[in-house]
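Let's take a walk through a protein model and see which side chains sit next to each other. Keep the sequence and the 3D view open while you read.

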Amino acid sequence: CRTMAYPQKGPQKCWNFSLERLKPRVLLSVTTVFADDFSGSHPGDWEIGHDDALYSLGWAWPDDYAHMYAHPTSGRQYYPNNLQVYMEKHDLDLTDYDTASLSFSYIVDTELDYDYFTVRARVENGQWYDLWYESGPASITVWLEKTLDLSFFAGHSDVDIQFYFDSDFLYSGYPYDGVFIDDIVLTAEKFNDAPNIPSFVSVPS
């Protein structure tokens, strides 16, 4: 029993306090849901396409990495104006997970603020959400690493991811090499039950 610390009139009341302790959140498992290093056949498990019918080339990986304007066997080319191409992976199952993240290596070498590389995700047949985008020339052609949080989609069984590139109507192609991606990995994590919220109970006696 504990009395109140501040002065009060009349007889002192005795108060009982109870505190429910926080349970630590424990990581139970980390699972690789999907991975691709583009060493396999084209298109593999990917859906490759265009938002227009102007060009025949799109995402391909003739050199064991993906390029947004390439032929599957004869190599990549400088990208043209008015290009809209996508590469999508469908029906990724995140049902039993609490968090998820998408990581990949990339090079972006495009016309700044006009030609964009965008990564998107959605629950199947829903609205695409832009997770990240990049535009601009690469001063040094080196691979960079990116990790994106997909925890918003955890708990869903039908998640799609999309790698999208679009160019405007001027100044595409040379000297810009375009967009390269490699080593895509989608991981998901499962934790124990959410920690308890501390509860304070005070009862006068």
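What follows is a short tour of charge pairs, aromatic rings and surface patches.

This is a predicted model, in which local features need pLDDT of at least 70 and side-chain atom pairs count only at pLDDT 80 or more, while totals for chains, interfaces and linings use all residues. Residues are numbered from 1 along each chain as its sequence is written, and side-chain values use heavy atoms, with hydrogens and water left out.

**Salt bridges**

Side chains of opposite charge can pair when their charged atoms come close. Here, a salt bridge means a side-chain nitrogen of Lys or Arg within 4 Å of a carboxyl oxygen of Asp or Glu. How many salt bridges does a search of the whole structure find? It finds three, and here they are:

| Acidic partner | Basic partner | Closest N to O |
|---|---|---|
| D177 | R76 | 3.9 Å |
| D130 | R120 | 3.0 Å |
| D160 | R122 | 3.0 Å |

Strands (E, at least two residues) are DSSP runs, numbered from the N terminus. D160 forms its salt bridge with R122; D160 lies in strand β13 and R122 in strand β10, so this pair ties together parts that are 38 residues apart in sequence.

Are D160 and R122 buried or exposed? Buried means under 20% relative accessible area, exposed means over 50%, and partly exposed is in between (1.4 Å probe, protein chains only). D160 counts as buried because its relative accessibility is 0%, and R122 also counts as buried, at 14%.

Now take R120 and D130, whose side chains meet in a salt bridge. R120 lies in strand β10 (residues 116–123) and D130 in strand β11, so the two parts that they tie together are 10 residues apart in sequence. D130 has 51% relative accessibility, so it counts as exposed.

That leaves D177 and R76, another salt bridge. This pair links distant parts of the chain, 101 residues apart: D177 is in the loop between β13 and β14, and R76 is in strand β7 (residues 75–76). R76 is partly exposed, with a relative accessible area of 38%.

**Aromatic rings**

Rings of Phe, Tyr and Trp (its six-membered ring) pair if their centres lie within 6.5 Å; planes under 30 degrees apart count as stacked, over 60 as edge-to-face and the rest as tilted. By this rule there are 22 aromatic pairs. One of them is Y106 with W132, edge-to-face, at 5.0 Å centre to centre and 65° between the planes. Y106 lies in strand β9 (residues 99–109) and W132 in strand β11 (residues 129–134), so the pair ties together parts 26 residues apart in sequence. Both Y106 and W132 are buried. They also belong to one aromatic cluster, whose members include F34, W46, F104 and F163.

**Surface patches**

Patches are made of residues with over 30% relative accessible area and no salt bridge; like charges are joined within 9 Å, and nonpolar side chains (Val, Leu, Ile, Met, Phe, Trp, Tyr) within 5 Å. Accessible areas come from the Shrake-Rupley method with a 1.4 Å probe, and for residues only the protein chains shown count as cover.

Which residues form the nonpolar patch on the surface? I140, V142 and L144 do, with about 270 Å² of accessible area together. V142 is in the loop between β11 and β12, and is partly exposed at 41% relative accessible area.

Definitions and conventions: Helices (H or I, at least four residues) and strands (E, at least two) are DSSP runs, numbered from the N terminus.
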